[in-house]
Structures are given as C-alpha cells and as structure tokens.
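Open the model in your viewer and keep the selection panel at hand. The stops below are given by residue number.

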Amino acid sequence: MSSETLVYIIISGITALLIAGFQYYKNKKGMSKLSMLFLFLRFITIFSVILLLINPKFEQVVLSVEKPNLVLAIDNSSSIKYLGHDTEANTLLNQLRTNKELQDKFNLSIYSFGNTIKAFDSLSFTEQETNINQAFSQLTQIYKQSTSPTVLITDGNQTYGNNYEFAYLDYKQPVYPVILGDTISYVDLKIQQLSVNKYAYLKNKFPVETILVYNGIGSVKSQFTVTIGNSIIYSEPVNFSQENNSKVINFTLPANQVGVQVYKATLSPLNSEKNTINNSKNFAIEVIDQKTKVAIVSDIIHPDLGALKKSIESNEQRSVSFFNSKSILNQINDFQLIVLYQPNDKFKELFEQLDNENKNRFIIVGPKTDIEFLNNINKSYEFEITYNTENYQAALEKNYTPFFVDDIDFESFPPLHSYYSSLIALVPFETILYKTLNGIDVGEPLLGTFETQGRREALLLGENIWQWRSQSYVETKSFHGFDNFFNKLIQYLASNKLKSRLNVDYQSFYNGSGNVIVTAQYFDKNYIFNERETLNITVADKISKESKTFPLILKNNNYEVDLSSLSPSEYDFKVHAEEANISKTGSFTILEYNVEQQFLNANVTKLQQLASNSSGKAYFIDNPDALIDDLLNDNRFSTIQKSHKNSLPLIDWKYLLAVIALSLSLEWFLRKYNGLI
C-alpha cells in the first residue's frame with residue numbers, strides 16, 4: 001500500500017469521526033453509553049463507505065509447493081506383443097505408478113502411444129503403427145514450461161514419422177528410455193523396402209525396386225521371387241555375406257490385365273531364422289487401359305504453369321503438355337482436357353475449335369487476361385469490365401455437389417491476383433471457392449464449374465496458384481493435400497459423366513498397416529448436401545463370402561466409415577442411402593502386411609543415444625529398481641516452493657459490505673427499540 005493511500009485512509013477516519021460526532025455529540029458535559037454506541041456504529045458505516053470509494057489495494061503473498069512432473073509414456077503398438085514383452089511392460093508400468101516414493105516426489109502423468117499419443121486408459125498392444133517423434137511433439141506442448149522427466153517404455157522401433165533420436169532438440173526434458181528387448185543379434189533375411197508405382201498402363205511394363213538386407217555372420221544363399229496367385233513371374237538368386245549384407249534388385253513386370261493386381265515378393269528364409277514374416281511382402285498396382293492427357297495453353301511464361309504440371313502429373317494416370325495458342329490448333333483431339341491460361345484475342349481460333357468439338361475446358365483468368373475477348377467469345381458468363389486489380393483469398397463452399405472437396409485450409413492460403421470485377425453467370429454455376437477480402441466474403445466466386453451443352457467447364461479467377469501449392473507444403477510438409485484437390489477437379493473436367501446424388505470416394509487398394517477409410521456425400525434432389533440421410537455400407541469378402549454392414553458417420557461435410565477392422569482380403573461393397581433408396585457399388589483390396597512384425601530386436605542404439613542427448617539414461621526392462629533410485633535421487637527434480645504476490649483491491653472484499661449492512665441494521669434496531677424513531 002502506498003503512503004499516499006495511507007494518508008487518504010487517515011483523513012477518511014477523521015472525516016467519518018467528525019460526521020458521526022456532529023450527529024450524536026450534543027451534550028458537551030457527557031454522553032450516554034447509548035449515544036456513544038450510536039456514534040461508533042455511524043463512524044463504522046461512514047468510514048467503510050469512504051474506504052470503498054478510495055479502494056486501497058493490499059498485497060498478499062501466497063506460498064505454494066510445486067512438485068515436478070513424471071511423465072510415463074508407454075508404447076502400445078503390436079510390436080511389443082509380437083516381441084513378447086507385453087507382460088513385462090504392464091508389470092513395469094504398475095510398479096512405477098504405484099510406487100509411494102515416486103508419488104510423493106512427482107506428479108505422475110501416464111500416456112500410451114502408437115501412431116498418436118493419448119491419455120492412458122488401458123493397454124491392448126494392438127496399434128498398427130508407431131510414431132515416437134509425434135508423441136514427443138505433443139508432449140512438448142504440454143510440458144514446455146515445467147520440469148518433467150520422461151520415462152519412455154518402448155522397443156524403439158518406429159514405423160512412421162521423423163527420426164525421434166533428435167526429439168530432444170524441441171522436448172527440453174530428460175528422457176529415460178526403458179528398453180523392451182535385448183541386444184542379442186539374430187540371423188535374419190528381410191525385405192527392407194519395396195517401391196512400386198500405384199498405377200500402370202495396360203500392355204506396358206512397370207518398374208519395381210526392392211531392397212534386401214541380411215543380418216548375420218558368414219555367407220548365405222537365398223532366392224528372391226515374385227508371384228501372382230500360384231504363378232512365379234520373376235525369380236533371381238541372391239547371395240549375402242557379413243560384408244555384403246544388402247542388395248538392391250530392380251526389375252520390371254508386365255501389366256497384362258485391367259484392374260487391381262496383387263503380387264507377393266518373397267525372400268526364401270534360412271533354416272535358422274527366428275522371424276520369417278519379414279521375408280515376404282505383398283504389393284499391388286492398378287492397371288488402367290488409358291491415360292488422361294491434359295494440354296496447358298498459354299502465350300505467357302508464369303510460375304503457375306509449372307505448378308499446374310507438377311500437380312496434375314502427381315497422379316500417374318495423367319500427362320501434361322504445353323502449347324501456345326497456335327501450336328495446339330491441330331492437336332486438340334489428342335487431349336481429354338484443355339487448360340487455357342490467361343487467354344487473349346490470339347485464342348479466338350482455339351475457342352472456335354473447342355466449341356465445334358464440344359471439348360471440356362479449364363480457363364484461368366488473371367491480370368493478363370483479355371476479359372473483353374472472353375465476354376465476346378462465350379455465352380456462358382460475362383464480366384463487368386474494370387481494369388482495376390485486387391488480391392483475393394479463398395473460402396470453401398461446403399455445399400459444392402459435383403465431387404468431394406476436402407478443406408485443405410484454403411483460408412490460410414496466399415491471395416490470388418485478379419481483376420476487381422463481378423462475374424455474371426448466364427448458366428447454372430456451382431461455386432467451389434468464394435472470394436474473400438480482408439476476411440470478408442464479397443459474394444463472388446473465385447473458382448467454380450458449370451455444365452452446358454454436354455460439356456464441362458471450370459473457371460479460376462486469379463493467378464499465382466503456385467503459391468497455394470507451396471503454402472500447402474509449408475503447412476503439411478507434403479504436396480498431397482493440394483495435389484489431391486486439384487486432381488479431383490481435373491478428373492471431373494476430363495469426364496462427361498452425369499453428376500450423381502450419391503458420391504463415394506475410396507481407393508482401389510489399401511495397405512494392411514494403414515487406415516481403410518471410405519467417404520461419401522449425399523445430396524437431395526436440388527443437389528444440396530443432406531446431413532439427415534442415413535448411409536450404410538455393406539462389405540462382402542469375395543473369398544469367404546462373409547458380409548458386414550457398417551453405418552457411415554457424418555463428419556464435417558462428408559459421411560465417413562473406418563473399415564480398418566477388416567482383415568486383408570478382396571471386398572465388394574455397396575453404399576446405400578436408406579430414405580432415398582439410392583446406392584453405389586465398388587470394390588477394393590486390403591493387402592496383408594503388418595509393419596510392426598518386421599522387427600527382431602529393440603532399437604537399443606537409438607534409444608541410448610536419445611537418453612544421452614537429453615541428459616537422461618537408458619535402462620533395460622529387467623532393471624526397474626535402478627530407474628526408480630535414479631529418479632528419486634536426482635537433485636534436478638526437487639520440489640520447488642513458489643511465492644505469488646497478489647494485489648487485492650478492497651472493493652473485492654465482500655465482508656466489508658456485510659460490516660456496512662450490519663452496522664446500519666444494528667443502529668436502526670437500537671434506535672427503534674429505544675423509541676428514537
């Protein structure tokens with residue numbers, strides 16, 4: 001409290017006493033006890049009210065004791081059970097969480113992790129992927145400002161994500177790995193990696209690359225084979241030694257049949273091998289009988305052109321060729337889709353040919369576009385002509401009906417540069433993205449499609465879409481999100497199929513270790529997304545003939561079902577909208593592969609390196625007492641006493657109001673009782 005406030009309080013006390021005395025001090029020779037009581041009560045009332053007006057602040061020091069956190073993170077992936085350490089892991093966890101000394105010294109927090117980390121509930125050891133680095137990344141956000149040594153109970157075998165060995169750079173906590181495994185080296189042959197394209201074209205050959213690894217002493221011989229069904233289509237003998245313990249095999253296979261073809265690569269196991277599951281690996285490829293050819297026509301050079309090519313060709317079913325407005329004229333029938341980039345009056349003959357052939361097209365408008373020419377050359381839309389330009393960001397229209405559009409965070413993308421003008425649609429126009437200016441929807445389309453006279457067209461009103469692709473990579477560390485969105489647009493434009501009220505999105509085949517997700521959209525008769533429909537999917541195993549039905553759950557603007565519980569096989573499915581009685585069918589294959597069963601040992605070296613780098617220490621599962629002793633005796637993890645100084649204003653002290661009410665009430669009651677009122 002400041003000295004100035006103290007002076008005010010003293011003056012308030014004198015003032016309150018003078019006012020109370022003026023009211024009750026009448027007999028100079030003496031006052032009755034009752035008058036003195038009245039004077040005191042009035043003084044209390046007036047003094048309290050004046051104090052509230054001054055509102056002095058009092059400082060309060062609060063002492064608190066803060067224990068350090070002890071984070072227990074346990075690997076819940078299936079590799080723990082496969083290596084036979086699930087019982088030991090459970091025993092260790094119970095020993096740590098019930099230890100009285102640890103509970104007294106630390107605040108215990110327990111998590112389990114596989115592909116993601118979550119608060120501990122129970123352990124099943126069924127997670128199909130392990131991402132240790134992602135676990136540390138999320139723990140960093142929780143324990144960034146506290147002392148939180150971390151016990152990591154794992155075999156160290158990560159199947160997905162960045163290298164966790166360097167997680168200590170962001171996670172500034174000592175890490176104590178408890179290694180579920182041993183250092184014994186077993187003789188092992190395995191297929192370390194197999195790379196193959198997702199698509200191939202009928203009557204072509206597609207390349208396959210596989211990396212084979214040998215772990216052992218001495219020289220061994222084996223046979224590498226690739227089969228489809230019971231037929232061997234490729235075979236090669238392989239030799240390994242302790243010095244030459246890996247081999248890369250490159251070969252090609254023929255694509256002779258349309259559809260999904262499932263192959264099995266096998267490296268013949270040795271008699272002494274302990275783990276033979278990693279000697280084989282299934283892979284698949286979808287054989288298609290045609291390739292979508294896209295022509296990009298432009299008379300200017302712009303970074304957008306390269307971004308468009310890379311995005312479109314990220315799908316190997318498509319190829320892109322560049323032309324100017326003249327060189328394309330005799331070749332338009334060689335392409336399923338023509339992309340017209342910022343056209344001008346030199347494109348007149350090309351537009352005429354496209355109209356005569358009724359070809360689908362994708363027009364990208366920018367500041368170098370001749371919009372007067374566009375107004376004159378087409379009958380589907382027109383622009384209000386202005387020559388001012390503006391930068392527009394995008395907002396997703398969630399009720400777009402022709403195909404699925406995933407929200408890839410369009411609102412965070414850099415603005416596109418275009419004319420400041422309005423688009424007047426002369427045919428039914430379906431908007432994918434709206435223009436926004438400083439976060440405000442201006443009610444104008446930025447990207448949309450329409451169908452007229454049996455052909456499909458799209459219109460993008462802005463240049464610099466290459467920045468969108470770059471921003472997508474910055475945010476997600478992958479081009480996949482943007483490329484997937486753009487390829488759906490290209491697929492729609494390259495096809496002339498009529499739009500459907502029920503659209504289903506799925507892959508032709510799924511890896512057994514990944515999620516099997518099928519999504520769907522249902523629209524009413526006005527092609528407005530309907531979130532009240534009931535969608536079910538019936539999945540039938542082609543081999544066992546067993547069928548199961550699952551509901552699709554509404555998620556954002558999609559219906560979605562996770563079929564990861566299905567065992568590897570070939571499946572037919574049918575998605576059915578119950579109320580509308582509309583259905584869609586398809587088929588997919590789940591490949592048999594469990595990445596968690598590819599390991600023989602714990603990754604001791606990497607876990608020890610992580611412990612060393614983070615100022616922690618690594619332990620084996622058979623030595624939990626040493627871990628507990630080190631945690632209890634480490635002076636870095638001491639209980640801290642903290643003091644917090646709080647400034648409390650008097651007006652927040654509710655008891656003063658009670659004092660005022662009590663003094664007034666008591667004064668009134670006594671005056672009433674003594675007949676003075």
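The tour goes from a strand to a helix, a core, a second sheet and a surface residue.

This is a predicted model, with local features needing pLDDT of at least 70 and side-chain atom pairs counting only at pLDDT 80 or more, while totals for chains, interfaces and linings use all residues. Residues are numbered from 1 along each chain as its sequence is written, and side-chain values use heavy atoms, with hydrogens and water left out.

**Stop 1: strand 9**

Select 205-215, which is strand 9. Helices (H or I, at least four residues) and strands (E, at least two) are DSSP runs, numbered from the N terminus. The covered face of strand 9 carries F206, V208, T210, L212 and Y214. On the uncovered face are K205, P207, E209, I211, V213 and N215. In a regular strand, side chains alternate between the two faces of the sheet.

Now add 188-196, strand 7: it pairs with strand 9 in the antiparallel sense over eight bridges. Pairing requires that DSSP finds at least two bridges between two strands. V196 stands opposite V208. Next, add strand 12 (246-254), antiparallel to strand 9 over nine bridges. Here K205 faces P254.

**Stop 2: helix 7**

Select 303-312. Buried (under 20% relative accessible area, 1.4 Å probe, protein chains only) are D304, L305, A307, L308, S311 and I312. Look down the axis of helix 7: these residues fall within an arc of 165 degrees, so they line one face. The arc is taken from the directions from the helix axis to the C-beta atoms. Their cover includes strand 15 (292-297), strand 16 (318-323), helix 10 (465-476) and helix 11.

**Stop 3: the largest nonpolar core**

Such a core is a set of buried Ala, Val, Leu, Ile, Met, Phe, Trp, Tyr and Cys residues joined through side-chain atoms within 4.5 Å. This one has 63 residues, and F362, F410 and W468 touch the most other members. Helix 11 (480-493) gives the largest share, seven residues. Which residues does F410 contact, beyond neighbours within four places in sequence? They are A394, L396, V405, L433, W468 and F485, contact meaning heavy atoms within 4.5 Å.

**Stop 4: a five-stranded sheet**

This open sheet runs 27-34-33-29-30, with mixed pairing. Its edges are strand 27 (509-510) and strand 30 (547-551). Strand 27 pairs with strand 34 (582-590) in the parallel sense over two bridges. Find Y510 opposite I590.

**Stop 5: K645**

K645 is in strand 36 (640-649). Its relative accessibility is 59%, so K645 counts as exposed (over 50%). Beyond neighbours within four places in sequence, K645 contacts E59, Q60 and V61. Finish with L63: its C-alpha atom is 8.8 Å from that of K645, 582 residues apart along the chain.
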